[in-house]
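Got the viewer open? Here is a short tour, with something to select at each stop.

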Amino acid sequence: MRELPPDPTTTDAQEAPPAGAPRETSRTENTREVSPTGEDAQVIVVGAGPAGSSAAYHLARAGVDVILLEKARFPREKVCGDGLTPRAVHQLIRMGVDITAPGWTRSRGMRWVAGEHRVHIDWPALGRYPDFGLSRSRHDFDDILARHAVAAGARLYSGWKAERPLTDRAGRVTGVAASSDSPDVPEPVDFRAPVVIAADGASARLALALGLDRDPRRQIATAARRYYRSPERSREEYLELWADLRYPDGGPYLPGYGWIFPMGDGRVNVGLGALPHRRHGKADLRATLDQWLARTPEGWGLREENAEGPVRSAALPLGFNRHPLYARGLLLVGDSGGMVSPWNGEGIAQAMEAGEVAAGAAALALAHAKGPRREQVLRGYPVEMNRRWGRYYRLGNTAADLIFSRSGFQPVLNRHVMGSPFLLNTLARLLTDLTDKPSRDVIDHVLNTAFRLVPAPKPGPARRGARKR
């Protein structure tokens, strides 16, 4: 383990920026040279999105020598709604990110739209999470997180794509072979470490190479988004969600919702996410988006002439749709482990939290010599993730299968629910997983009791078809 210089501003390393952290307006630079014989570390993290940068940050703060590989170069685009719930804000605070710096837009809560009903739901004042959300473009959000990991001591190699895992004779992962986007490095280079964390997104290249296939019983949603210039909506205090969208040309209700999230810079992020409909299959998201925006007031500016950039789309792997989350030296975090919430399609908070948990497991494992005890600690990672989200995701997967994929949110947001503040706040906290433990109020008690009644799923075993390489 390497010893990091002390941070003179705090005694809690997780709650304040690391010493010497750069200003939020700078950009991540990569000037590292790679040895022709490869690079060694204690942990290699593949992917510098929210999951990977979170894992690398917490590992570095624990004194672990960690390499962070990222195939792109910052800043870069990512398909995302750019809206952050209090769970995500909590993780940013734990990483010491300065959320008061320019570029962050705060939200008071959510505005739900269903037919003629419009309701405002403020983020709850809990002891566990802040009572506000944020918006920030993924164009520089990921860059900020990666810079915090670097400032903590992680070694970032951008422009390096992990091609395949390296394994020993027993099939255990010992690193990754990665190729550079530089013409000066024409051949793949080996990055070696006893623990590898896969944060390589929905493609899950490393997991697939080990035979860790997606669970076909789990849903995969699709999201599409576009930016619009809309000064009127850009400084809104609420994240707006529309639950009454339909398939084009008068089809059934979309099994998902649309969003309008303020960016605070004269733009809004507009998009929609949906499951495949049980009877009608996947929706044409572009056509659905056009049909929806035509309903919005002209003054909002959500028209083609005000659009910035194309419509971009991406897959959302839901509800632990890949297992096991740990196998033979490889830990899966974020989208590679299918950690997007089946309740609302949120993934950033889950990715960052899983990154922190994976970092803790890896750091503890490395405190033990290579052998059974280290392996036992690493196997505790999926157990901990199952403890945190197993019941909640199991209930969410059931709701997605039986309700959302058949008729969307419209039946849930009926006039009785929309007219009851208690039911609205209960539903909002259910969908966003915002409860205190132990319970602080009646809603906490109702939800925490309901989760306890759900049978706990067991961490998924390795699939029988898993391949060793």
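Start with the salt bridges: a search of the whole structure, which is a predicted model, turns up 37 of them. Select Glu39 and Arg155 to begin with; their closest N and O atoms are 3.6 Å apart. This pair links distant parts of the chain, with Glu39 in strand S1 and Arg155 in strand S9 (residues 155-158), 116 residues apart. Are the two partners buried or exposed? Glu39 counts as buried at 13% relative accessibility, and Arg155 is buried too, with a relative accessible area of 15%.

Next, pick Arg295 and Asp244. They form a salt bridge whose closest N and O atoms are 3.0 Å apart. Arg295 lies in the loop between helix H6 (285-293) and strand S18 (307-317), while Asp244 lies in the loop between S15 and S16, so the pair ties together parts that are 51 residues apart in sequence. Color by accessibility here: Arg295 is partly exposed, with a relative accessible area of 44%, whereas Asp244 is buried, at 8%.

One further pair is worth a click: Arg278 and Asp401, joined by a salt bridge with 3.4 Å between the closest N and O atoms. Here the link runs from the loop between S17 and H6, where Arg278 is, to helix H8 (residues 372-407), which holds Asp401, and the two are 123 residues apart. Arg278 counts as partly exposed, at 46% relative accessibility.

Now for a group selection. Take Arg87, Glu353, Glu384, Arg387, Arg388 and Asp433 together: they are linked in a network of salt bridges.

Arg87 from that network leads you to the next stop, since Arg87 is also one of the buried residues of H2. Select helix H2, residues 86-94, and you'll see a mostly covered helix, with 7 of its 9 residues buried. Those residues are Pro86, Arg87, Ala88, Val89, Gln91, Leu92 and Arg94. Step past the end of the helix to Gly96, which follows H2 and has a positive phi, near 75°.

On to the strands. Strands of a sheet pair through backbone hydrogen bonds, either parallel or antiparallel. Go back to S1, the strand that holds Glu39, and bring up its neighbors: 4 strands form an open sheet in the order S1-S12-S11-S10, with mixed pairing. Which strands sit at the edges? They are S1 (39-40) and S10 (160-167), each of which pairs on one side only. Zoom in on S10 and S11 (residues 173-180), which pair in the antiparallel sense over 7 bridges. For a landmark, label Ala162, which stands opposite Ala178 in S11.

Then move to strand S16, residues 256-262. How many of its 7 residues are buried? The count is 7 of the 7, so the strand is largely enclosed by the rest of the structure. In a regular strand the side chains alternate between the two faces of the sheet. Try selecting S16 one face at a time: Gly256, Gly258, Ile260 and Pro262 are on one side, Tyr257, Trp259 and Phe261 on the other, and both faces are covered.

With S16 still highlighted, add the strands it pairs with. S15 (residues 238-242) runs antiparallel to S16 and is joined to it by 3 bridges; Glu240 has Ile260 as its bridge partner. S17 (residues 267-274) also pairs with S16 in the antiparallel sense, over 7 bridges, and there the partner of Pro262 is Val268. S16 and S17 form a hairpin with 4 residues between them, and Gly264 in the turn has a positive phi of about 80°.

Switch to a surface view for the next selection: Phe422, Leu423, Val442 and Val446. They make a nonpolar surface patch of about 340 Å². Helices H10 (421-432) and H11 (442-453) are the elements that give two or more residues to this patch. Phe422 is in H10, and at 41% relative accessibility Phe422 counts as partly exposed.

Finish by coloring by pLDDT. The chain averages 89, and 91% of the residues score at least 70. Where does pLDDT stay under 50? One stretch is residues 1-27, for which the model has 61 contacts beyond four places in sequence. Another is residues 462-469, with 20 such contacts.

Conventions:
Residues numbered from 1 in each chain as written. Heavy atoms only, no water. Buried < 20%, exposed > 50% of the residue type's maximum accessible area, 1.4 Å probe, protein only. Pairing = 2+ DSSP bridges. Patch = residues over 30% accessible without salt bridge, like charges linked within 9 Å, V, L, I, M, F, W, Y side chains within 5 Å. Areas by Shrake-Rupley, 256 points an atom, 1.4 Å probe, with all protein chains shown as cover. Salt bridge = Lys/Arg side-chain N within 4 Å of Asp/Glu carboxyl O. pLDDT = per-residue confidence, 0-100. Contact = heavy atoms within 4.5 Å.
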